[in-house]
Amino acid sequence: MFTFIVAACVGVVVGILSGLLGIGGGTVMVPVFRLGFGLSAIEAAATSLFTIIPTSLAGCVTHIRNKTCRVPLGVAAGLGGACTSPVGVWLASISPSWAIMAAAALIIGYSAISMLKKARALPKPEKKAAAKKGAACVGASVSSVLVVPPAASTSAPARPRPRPRSIRLHLSQNLSCLKAR
């Protein structure tokens with residue numbers, strides 16, 4: 001019973017992260033199942049895949065309702081993943097556990113570093129919103145204080161990202177961003 005309660009709590013956290021960040025359960029669940037529950041590498045991956053089904057469906061429905069999902073892109077990627085996932089299962093069944101965990105760690109690490117680099121390169125919306133709403137700077141001899149009127153304290157609505165003309169162009173822009181750093 002204790003294991004079920006802990007797993008449900010982990011599921012709550014993964015559900016929030018999945019909806020907020022769009023991460024698959026594998027990013028969090030595979031390490032939790034492997035390290036926290038002592039499952040083998042293939043059991044952790046398989047259980048994570050099973051967990052992703054309800055989490056993804058709930059998040060997907062909500063994002064479609066909010067019009068924040070690009071459905072054709074998701075359908076194409078989902079069909080490609082569904083068709084090739086059995087190959088991944090076969091590879092996992094013939095691979096040693098250390099290789100599966102090393103591959104997962106490398107992918108998670110690479111994703112984390114890439115996302116941090118992109119996050120650092122993004123403009124800071126608070127500064128732009130405060131400047132647009134007429135924030136006043138009051139100077140002192142040593143430092144200055146930023147005074148923001150109450151109406152400016154709410155962040156501006158997020159602008160939709162412009163769609164790249166093609167996936168190839170989008171990938172080349174991302175790769176050039178990484179090479180520049």
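How many helices and strands does the secondary structure of the chain come to? I count seven helices and two strands. I keep in mind that this is a predicted model.

**Entry 1: overall layout**

I read the order of elements from the N terminus as α-α-α-α-α-α-β-β-α. I then looked up burial. The chain has 181 residues, and 10% of them count as buried.

**Entry 2: the core**

Which residues make up the largest nonpolar core? I list ten: Val10, Val14, Met29, Val30, Phe33, Ala41, Ala44, Ala92, Ile100 and Met101. I checked which helices supply them. Helix 1 (2-21), helix 2 (25-36), helix 3 (41-65) and helix 5 (97-121) each give at least two residues. Helix 2 gives the most, with three residues.

**Entry 3: helix 3**

I took the length of helix 3 next. It has 25 residues and reaches 36 Å from its first C-alpha to its last. That is close to the 36 Å expected at 1.5 Å a residue. Where does helix 3 bend? I find a bend of about 30 degrees at isoleucine 52. A proline, proline 54, follows within four residues.

I also noted burial along helix 3. Its buried residues are Ala41, Ala44 and Ser48. Ala41 and Ala44 also belong to the largest nonpolar core.

I stopped at serine 56, which lies in helix 3. Is serine 56 buried or partly exposed? Its relative accessible area is 36%, so I enter serine 56 as partly exposed; the band for that label runs between 20% and 50%. I then looked at its distance to isoleucine 23. The two residues are 33 apart along the chain. Their C-alpha atoms are separated by 9.5 Å.

**Entry 4: lysine 67**

Helix 3 is followed by lysine 67. I place this lysine in the loop between helix 3 and helix 4. Its phi is near 55 degrees, a positive value in a residue other than glycine. Most residues other than glycine have a negative phi. I checked accessibility too. Why does lysine 67 count as exposed? Its relative accessibility is 73%, and exposed means over 50%.

**Entry 5: helix 4**

I ran the length check on helix 4 as well. Its 24 residues should span 34 Å at 1.5 Å a residue. The end C-alpha atoms are 34 Å apart, so the span agrees. Helix 4 bends by about 40 degrees at threonine 84. Here too I find a proline, proline 86, within the four residues that follow.

**Entry 6: surface patch**

Which residues form a nonpolar patch on the surface? I note Ile64, Val71, Val75 and Leu79, with about 330 Å² of accessible area together. Helix 4 (residues 71-94) gives the most to this patch, with three residues. I recall the general spacing rule: an α-helix has 3.6 residues a turn, so residues three or four places apart point the same way.

I closed with leucine 79, which lies in helix 4. At a relative accessible area of 52%, leucine 79 is exposed. I set this beside the cut-off, which asks for over 50%.

Key:
Residues are numbered from 1 along each chain as its sequence is written. This is a predicted model: local features need pLDDT of at least 70, side-chain atom pairs count only at pLDDT 80 or more; totals for chains, interfaces and linings use all residues. Side-chain values use heavy atoms; hydrogens and water are left out. Patches are made of residues with over 30% relative accessible area and no salt bridge: like charges are joined within 9 Å, nonpolar side chains (Val, Leu, Ile, Met, Phe, Trp, Tyr) within 5 Å. Accessible areas come from the Shrake-Rupley method with a 1.4 Å probe; for residues, only the protein chains shown count as cover. A salt bridge is a side-chain nitrogen of Lys or Arg within 4 Å of a carboxyl oxygen of Asp or Glu. Buried means under 20% relative accessible area, exposed over 50%, partly exposed in between (1.4 Å probe, protein chains only). A nonpolar core is a set of buried Ala, Val, Leu, Ile, Met, Phe, Trp, Tyr and Cys residues joined through side-chain atoms within 4.5 Å. The expected span of a helix is 1.5 Å times one less than its number of residues. The bend at a residue is the angle between axes fitted to the seven residues ending there and the seven starting there.
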